[in-house]
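Student: I have a model open on my screen and would like a close look at a single part of it. Could you walk me through its pocket?

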Amino acid sequence: TVSVDEGLIRELGGASRKTRKPRSQLVEEALRLWRRARLEQALKEGYQAMASEDRATAERRLGAGWETMK
């Protein structure tokens, strides 16, 4: 059992009638979209962190390369 704002329930009912889909199907679709958005955000953050690490590694190696060439 979940509690949902009455306004959202009315919107859900309207969307259900408009799309001719059961409310439960619309709720399931919404939850899947929410889960996908969370995954996309986690991937974005992970890629940004990896890019920062790769840049730091490249800068360290570049510094070591300059030392070798001296």
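Before we get there, what percentage of the 70 residues of the protein chain count as buried?

Tutor: Happy to help! Keep in mind that this is a predicted model. Of the chain's 70 residues, 7% count as buried. The fold has 2 helices and 0 strands, and the chain exposes about 6700 Å². Carbon and sulfur atoms supply 56% of that exposed area.

Now to the pocket. The largest one has a volume of about 280 Å³. Its lining includes Val2, Val4, Leu8, Ile9, Glu11, Leu12 and Ala15, and it is completed by Arg23, Leu26, Val27, Ala30 and Leu31. Two elements each give two or more residues to this lining, namely helix 1 (6–19) and helix 2. If you sort the lining residues by character, 10 are nonpolar, none are polar and 2 are charged. Glu11 and Arg23 are the charged pair in that list.

Helix 2 is worth following further along. It covers residues 23–69, and Leu43 is found in it. Leu43 also belongs to a nonpolar surface patch of about 430 Å², together with Leu39, Tyr47 and Met50. Is Leu43 itself buried or exposed? The answer lies between those two words: Leu43 is partly exposed, because its relative accessible area is 42%, and that class runs between the 20% limit for buried and the 50% limit for exposed. A patch residue needs over 30% relative accessible area, so Leu43, at 42%, clears that cut-off.

Note on methods
Residues numbered from 1 in each chain as written. Predicted model: local features only at pLDDT ≥ 70, side-chain atom pairs only at ≥ 80, totals over all residues. Heavy atoms only, no water. Patch = residues over 30% accessible without salt bridge, like charges linked within 9 Å, V, L, I, M, F, W, Y side chains within 5 Å. Areas by Shrake-Rupley, 256 points an atom, 1.4 Å probe, with all protein chains shown as cover. Salt bridge = Lys/Arg side-chain N within 4 Å of Asp/Glu carboxyl O. Helix = DSSP H or I, 4+ residues; strand = E, 2+ residues; numbered from the N terminus. Buried < 20%, exposed > 50% of the residue type's maximum accessible area, 1.4 Å probe, protein only. 1 Å grid on protein atoms, 1.4 Å probe; cavity = no way out; pocket = protein on both sides within 12 Å on 5 of 7 lines; lining within 4 Å. Points joined across faces, edges and corners; volume = space filled by probe spheres on them.
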